[in-house]
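This report goes through selected features of one protein model. Look at the sequence and the structure first, then read on.

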Amino acid sequence: MNATANPARILVVDDEEHLADGVCEILQSEGYSAEVAHDGVEGLRKALAQSFDLILLDVMMPKMDGLRTCEELRRNGLHTPVLFLTVKGAPEDRIRGLEAGGDDYLAKPFHLKELLLRVSAILRRSHWYTRAGQTLSFNGNTIDFLTYHATAWDGSEHTLTHKEAMILKFLAEQAGAIVPREDILDRVWGYEVYPSTRTIDNFIVRLRRRFERNPEMPEHFHTVRGVGYRFTQEAERSQ
């Protein structure tokens, strides 16, 4: 049971009413607070109007599909974790979901025990992210991990995606150390939904473009070939 004085609030967005209602009941029986929306438009409205700790989001829905709904959530500055539920489970579909701003991906039909494990894992990762240490400054760059707002060394302002912020926070917590790709995958995505190595590389490239004075010669985000990455707060030329 996960019952607490303040149970995690979960929004289930799925046009299959019997499935959405059933998942909602299971979540409530596990001690979560859950409610339902039956299409993407209703889900987006509820998510923006209320505070949720997690959104379970079907991909194939009328009016607005799950990918677009997730993109709209992120565009509106909402960084609530999203677990996609869908019959489309091919690797390319998983990558599309992750790049749309999703945090996890569960293919239908799924076992309820697996769903509950995914929910628990995402909430644990979210708890790690929101703990102490919510700002980072290095070489003229300032990042607020609560608001996802960043001001770069050249004065430009950026809003980080959820994944960009999580990767940067994890690397910064281990500044100076070599962080294996597997550790980043486990902390940020969870072992169940590994993206490709190329996807992670793309996130590092985006962070370099925003915060390095010369992205082609990084001084803070270092690639350790065949292993992973190393972040340094002090400027240090990559070898």
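Glu164 is buried, with a relative accessible area of 1%, in a model that is predicted. The side chain of Glu164 meets that of Arg206 in a salt bridge, 3.0 Å from N to O. Because Glu164 lies in helix H6 (residues 162–173) and Arg206 in helix H8 (residues 197–211), this pair ties together parts that are 42 residues apart in sequence. Arg206 is partly exposed, at a relative accessible area of 32%. Glu164 also forms a salt bridge with Arg210, at 2.7 Å from N to O. Here again distant parts of the chain are linked: Arg210 belongs to helix H8 and Glu164 to helix H6, 46 residues apart.

Salt bridges that share partners join Arg9, Glu35, Glu42 and Lys46 into one network. Within it, the side chains of Lys46 and Glu35 meet at 3.4 Å, N to O. Lys46 sits in helix H2 (residues 40–49) and Glu35 in strand E2 (residues 33–37), with their positions 11 residues apart in the chain. Lys46 counts as buried, at 14% relative accessibility, whereas Glu35 counts as partly exposed at 21%. The cut-off explains the two labels: buried means under 20% relative accessible area, so 14% qualifies for Lys46 and 21% does not for Glu35. The count for the model comes to 13 salt bridges. The ones described here are set out below.

| Salt bridge | N to O distance |
|---|---|
| Glu164 and Arg206 | 3.0 Å |
| Arg210 and Glu164 | 2.7 Å |
| Lys46 and Glu35 | 3.4 Å |

The next topic is a group of strands and a helix. Are the residues of strand E4 (residues 82–86) buried or exposed? Five of its five residues are buried, and the strand is mostly covered. Val82, Phe84 and Thr86 point one way from E4, while Leu83 and Leu85 point the other way. E4 pairs with strand E3 (residues 54–58) in the parallel sense over four bridges, and Leu85 is the bridge partner of Asp58. E4 also pairs with strand E5 (residues 104–107), again in the parallel sense and over four bridges. In E5, Leu106 stands opposite Leu85.

Helix H3 (residues 66–75) joins E3 and E4 in a right-handed β-α-β unit. Seven of the 10 residues of H3 are buried, so the helix is largely enclosed by the rest of the structure. Among the buried residues are Leu67, Cys70 and Leu73. At the start of H3, a side-chain oxygen of Asp65 comes to within 3.1 Å of the backbone nitrogen of Leu67. After the helix comes Gly77, whose phi is positive, near 80 degrees.

What does the loop between E4 and helix H4 (91–99) contain? Val87 is found there. Val87 counts as exposed, at 58% relative accessibility. Its C-alpha atom is separated by 8.2 Å from that of Met60, although the two residues are 27 residues apart along the chain.

Two cysteines can be added. Cys70, one of the buried residues of H3, has a relative accessible area of 0%. Cys24 counts as buried too, at 8% relative accessibility. How many disulfides does the model have? The count comes to zero.

Notes:
Residues are numbered from 1 along each chain as its sequence is written. This is a predicted model: local features need pLDDT of at least 70, side-chain atom pairs count only at pLDDT 80 or more; totals for chains, interfaces and linings use all residues. Side-chain values use heavy atoms; hydrogens and water are left out. Buried means under 20% relative accessible area, exposed over 50%, partly exposed in between (1.4 Å probe, protein chains only). Helices (H or I, at least four residues) and strands (E, at least two) are DSSP runs, numbered from the N terminus. Two strands pair if DSSP finds at least two bridges between them. A crossover is right-handed if, with the strands pointing away from the viewer, the path from the first strand over the helix to the second runs clockwise. A polar contact is a pair of N or O atoms within 3.5 Å; within protein, one must be able to donate a hydrogen and the other to accept it, and residues adjacent in sequence count only if both atoms are side-chain atoms. A disulfide is a pair of cysteine sulfur atoms within 2.5 Å. A salt bridge is a side-chain nitrogen of Lys or Arg within 4 Å of a carboxyl oxygen of Asp or Glu.
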